[in-house]
Amino acid sequence: MANSKYAYVRNFELPDPLLPGCFLVCRIDGHSFHRFSEEHGFAKPNDERALKLMDHAAKDLMSEYKDIVLGFGESDEFSFLLRKSTHLYNRRHAKILTMLTSYFTSCYVFHWPQYFPENPLRYPPSFDGRIVLYPDERATRDYFSWRQADTHINNLYNTVFWALVQQGGQTTTEAHATLRGTVSSQKHEILFKRFHVNYNDIPARFRKGSVVVCEVVRCVCPGLGFLCEPQVSQDAAVGDATQPELPAVQVAGSARKSSKAREADRVKTTIQVLHCDVIGDEFWNAR
């Protein structure tokens, strides 16, 4: 930037680096999506097209930014975990937040016609975002447990609520009154006894949310190194990467290796969408 007598105004720009040695979680949330879903005729209680669109935008974001190693989505929000050691944009808060949020939004709009071919956008959707720092693995895991527990609570309520409205003939006011003060077991009972629905038979996508991960695929072909291509599902994006840095993950083989050995250990990652439990240990121990 050229110097001039006006250059002093740069002194008003304050640095905003994020603390080093912390896990970064960026949560992107749809702005006024209650209105947006009504305007665009989303199915209730869950619109699978809309959820798949969110997943697609999340995969695109993780393909573009390799320091994102985990995503979790429910409804109109997605949370992304960046590796603890990331130096993305020199850890500048505003830069990371605005770039991730704007890119996610752009991908959402870009892929809209693929999922809603007969329903063009009536107005531009928008997303807000925030970055939260977590000091250790336990707090980071608990964050994702909190989001998945929230997914279950919200989906159970919405499933029963819309069953009362769509099949039970109640108004929305009456449905809210019916559910007021009920606990989880009572909601399950209403679903099963009145509508013959076992909540556990509802697709896991709705009950557990979407878990977007970078699955590491090591080459097992001697001498071929990175030329060995993994099998990739239609829903996966592929790219060269180092092994993801997730909480509670031990990276084996940390000793110094020769260049040939390192080449043999080249890995591919496939970005995949899972619908699994992240509250227990199994998911984390597998990575």
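The largest pocket of this structure holds about 750 Å³ of space. Please keep in mind as you look around that this is a predicted model.

**The pocket**

Rolling a probe the size of a water molecule over the atoms shows where empty space is left. Here, 35 residues line the largest pocket, and P45, N46, S75, D76 and N158 lie nearest its centre. Two or more lining residues come from each of the helices α1 (33-39), α2 (48-64), α4 (137-166) and α7 (204-208), and likewise from the strands β2 (68-74) and β3 (77-82). Helix α4 gives the largest share, with nine residues. By character, the lining of this pocket divides into 13 nonpolar, twelve polar and ten charged residues.

**The nonpolar cores**

Next, let's turn to the cores. The largest nonpolar core has 35 residues, and those that touch the most other members are L61, I68, F80, I96, L100, F104 and Y108. At least two residues of this core are supplied by each of β1 (23-30), α1, α2, β3, α3 (93-115), β4 (127-134) and β5 (210-218). The largest share, eight residues, comes from α3. L100 is a good residue to click on: leaving aside residues up to four places away in sequence, L100 touches C26, I28, L61, Y65, I68 and L82. Another core, of 16 residues, lies apart from the largest one, and its members include L51, F161, I202 and F206.

**Aromatic pairs**

There are 26 aromatic pairs in the structure. Two of them are set out below.

| Pair | Centre to centre | Angle between planes | Arrangement |
|---|---|---|---|
| F42 and F116 | 5.5 Å | 10 degrees | stacked |
| F144 and W284 | 6.4 Å | 55 degrees | tilted |

The F42 and F116 pair links distant parts of the chain: F42 sits in the loop between α1 and α2, F116 in the loop between α3 and β4, and the two are 74 residues apart. Why do F42 and F116 count as buried? Buried means under 20% relative accessible area; F42 has 14%, so F42 qualifies, and F116 qualifies because its relative accessibility is 1%.

The F144 and W284 pair also joins distant parts of the chain, with F144 in helix α4 and W284 in helix α9 (residues 282-285), 140 residues apart. Both F144 and W284 are buried.

Finally, which residues do ring pairs link into a cluster? The cluster is made up of F33, F36, F42, F78, F80, F104, Y108, W112, F116, Y123 and F127. Among them are F42 and F116, the stacked pair in the table.

Methods:
Residues numbered from 1 in each chain as written. Predicted model: local features only at pLDDT ≥ 70, side-chain atom pairs only at ≥ 80, totals over all residues. Heavy atoms only, no water. 1 Å grid on protein atoms, 1.4 Å probe; cavity = no way out; pocket = protein on both sides within 12 Å on 5 of 7 lines; lining within 4 Å. Points joined across faces, edges and corners; volume = space filled by probe spheres on them. Helix = DSSP H or I, 4+ residues; strand = E, 2+ residues; numbered from the N terminus. Nonpolar A, V, L, I, M, F, W, Y, C, P; charged D, E, K, R; others polar. Core = buried A, V, L, I, M, F, W, Y, C linked by side-chain atoms within 4.5 Å. Buried < 20%, exposed > 50% of the residue type's maximum accessible area, 1.4 Å probe, protein only. Contact = heavy atoms within 4.5 Å. Phe/Tyr/Trp six-rings, centres within 6.5 Å; stacked < 30°, edge-to-face > 60°.
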